[in-house]
Protein chains: 2
Amino acid sequence: MLYVKTPEEVLDLIHKEFTGIADTELVELSSAIGRVLAEDIASEEYVPDFNRSTVDGYAVHARDTFGCSEAIPAMLPVVDEVLMGQSADFVLNTDECCIVPTGGALPEGADSVVMLEYTENYGDGLIGIAKSAAPGDNVIFRGDDVYPGKVILKKGRVLSAQDIGALAAIGKFCVPVRKKLRAGIISTGDELVQIDEKPKNGQVRDVNSHMLAAMLEAFGVHAVNYGIVTDDRVLLSEKMAQAVTECDIVLISGGSSVGVKDATCSMIESMGELLVHGIAMKPGKPTILGKIQNKPVFGLPGHPVAAYFVAKLFVLPLAAVLTERTMILYTVTAVLSESISANQGRAQYQCCHLERQGSSIVAYPIRSKSGLITTLAGADGYFCIDRDCEGLPKGAQVQIVVSIGE
Amino acid sequence: MLYVKTPEEVLDLIHKEFTGIADTELVELSSAIGRVLAEDIASEEYVPDFNRSTVDGYAVHARDTFGCSEAIPAMLPVVDEVLMGQSADFVLNTDECCIVPTGGALPEGADSVVMLEYTENYGDGLIGIAKSAAPGDNVIFRGDDVYPGKVILKKGRVLSAQDIGALAAIGKFCVPVRKKLRAGIISTGDELVQIDEKPKNGQVRDVNSHMLAAMLEAFGVHAVNYGIVTDDRVLLSEKMAQAVTECDIVLISGGSSVGVKDATCSMIESMGELLVHGIAMKPGKPTILGKIQNKPVFGLPGHPVAAYFVAKLFVLPLAAVLTERTMILYTVTAVLSESISANQGRAQYQCCHLERQGSSIVAYPIRSKSGLITTLAGADGYFCIDRDCEGLPKGAQVQIVVSIGE
């Protein structure tokens, strides 16, 4: 007999029972954004690979400028000009200077650059330097940014635009990332019809498989839709066996009927191991989690809002575990627009609209009796009311998990 | 002569000079996540389209249960059973009850459902009801959630997983969204080589076009890469003309050389109108914005970190304007790990690492002399130090724009 677990216990169990299984593949940099890095990435090169000027000016030996001023400029013969993108394959001797552009290479010997603004070209091959330079002024030395062996990105990171830029800079045009997981989605329930059908009396459209597929795809998981299975144990067990074979995670998005729930439970027990039967949360209590052939199988509640929260809170973190993905949950502080009560004994999750008002964000809880479309559509995020909390007053600070565009 | 503008002035100008131009297209619901809704979406149906039970129990006329209790149950003959997904095409008379499952349809006449727990089946066709029901108890009435004409999602919204669920529920299997914008990216600079080339002395790899393309694609904009153009006015003007013709936005990711910057400016002036020449921000000052054939043309700084901020702060908001996309910037409150100084007179943008420590998030500013890879790689977000601020002390609260995975 399994007792209802708290959300924290379920997350602990997910970390304990499942481990990284996703293989590695190489993808081109142009399609690497959003993917999970499979290895630490170290540079094999120096960046920059030459001493580089950060300004337009004259490369010098700093020592030659010590003590100079506008009144008594240092006078140095200009011996050469480095062009953009060209190597500076000559040696700058002491008491010489040469022109370098921003981003240009310094010749050997030069250790600093004096900005154009502090110089004067006398037109006779001599340059007046009106400001002394310290060694290193306006120069990025070879390897200042990156040197061979330096790790620039850690395994598990989800690659963002700035990471793509860094990888481009060190010439990593192919990147080792985790293969996308495959999540099989089975919808169950005699009342379900396809979304392009008009429901007859007593029927509703299959909302969950579409919502879950969208959420998983946005998280970088490939969603495989196994369609709607009616409340028939033989059919359901066949589909489950197929999905377990073909996928890394299986989601059985439960119809509302008791029969389907019992069937999911008993089938997981006969094919593998039942780990969770009920979570102390609202909505989302009738959630099942089991393991078949070492693969996680979820029985999600039929109610779309409940399925939404269970997927966000447990299915995505599980997908992160299986790909060893680093996952930090950032929240936005908002002010509650009205008081809200809660059932003690269960963590309560509440969808809300968000609105910026001056310098603060205001959270408007979305209340709805039936809680289907009107709760989901247009929700900008959600917050949690703790298990032991009786409710929150108007004006309370809440931590919002923002969910726009994902 | 154009003077340097503040970031706010540039955003105002973007809103004033450019308007929504993106056409509408229909996409299947399965590929609609992340897209920008082109019209308000109203339901054409009732959801649910029938009175629906929210529990397993007996549908009744509430009035027949008034005054009943465990001691004196109401005794009602059970006349029928509604099956899951089946219509309840009979009338429930007063002093009758019928079995309904969770999610099942109520027969005409029934106005409430008594939960199984509060009933007893005497086995002789009579059901004992031990708890009185009020009309509406455990019922979602037809259209309680949505009714024809009710707007469930507003134009401009970026569709998220929960929105996909709501659209599925009302049978919107095709959704009107904005066509993806096309952004043309031209890299300029004699020092640039492709990312799969080994830079020679004086050369660096083309970082910006890859970083910008990744950022734009993640934002839902199609990036068109026009490759690297050397510092040659004829070539550059040809590429610019081509990109302006083929795209909705053009980004000229500047090389570091003065020549290229001048060329971009004078070409925008000769082909259209120069709007911005310099922004009072750090990094990012040498930014150009113009308009050619009513299309925005950006000249971005060559420095990747500067290009990153200008793209985040101005190019993405511009893409939002062109698609009439609703854009709210949410920030995460973090505590600064160390003091940081700032140049007065310019808004200063600072990349940082984030780390959760107990209940707070700590922001570690990424400091780097050269500020290329080590600043970009692994940055979890950024914050802004206002123009008039001399710096921030250790422990100061900062508002972080989080940028992981996008």
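Of the 406 residues of chain A in this predicted model, 54% count as buried. The secondary structure of chain A consists of 7 helices and 28 strands. With a radius of gyration of 31 Å, well over the 22 Å that the globule rule gives for 406 residues, chain A is more spread out than a compact globule.

**Overall dimensions and contacts of chain A**

- The C-alpha trace of chain A spans about 95 × 50 × 40 Å along its principal axes.
- Among contacts in chain A with a separation of 6 or more, 71% are between residues 24 or more positions apart.

**Burial of strand S26 in chain B**

- Strand S26 of chain B covers residues 381-385, and 5 of its 5 residues are buried, so the strand is largely enclosed by the rest of the structure.
- B:Gly381, B:Phe383 and B:Ile385 point one way from S26(B), while B:Tyr382 and B:Cys384 point the other way.
- Residues pointing in either direction from S26(B) are buried.

**Strand pairing around S26(B)**

- S26(B) runs antiparallel to strand S24 of chain B (residues 347-357), to which 5 bridges join it.
- Opposite B:Gly381 of S26(B) stands B:Cys352.
- S26(B) also runs antiparallel to strand S28 of chain B (residues 397-402), and 2 bridges join these strands.
- B:Tyr382 has B:Val401 in S28(B) as its bridge partner.
- S26(B) is thus bridged both to S24(B) and to S28(B).

Methods: Residues are numbered from 1 along each chain as its sequence is written. Chains are lettered from A and ligands numbered from 1 in the order in which they are written. This is a predicted model: local features need pLDDT of at least 70, side-chain atom pairs count only at pLDDT 80 or more; totals for chains, interfaces and linings use all residues. Helices (H or I, at least four residues) and strands (E, at least two) are DSSP runs, numbered from the N terminus. The radius of gyration is taken over C-alpha atoms; the globule rule is 2.2 Å times the number of residues to the power 0.38. A residue is buried if 20 or more other C-beta atoms lie within 10 Å of its own, exposed if 12 or fewer, and partly exposed in between; C-beta atoms are placed from the backbone. Two residues are in contact if their C-beta atoms, placed from the backbone, lie within 7 Å. Two strands pair if DSSP finds at least two bridges between them.
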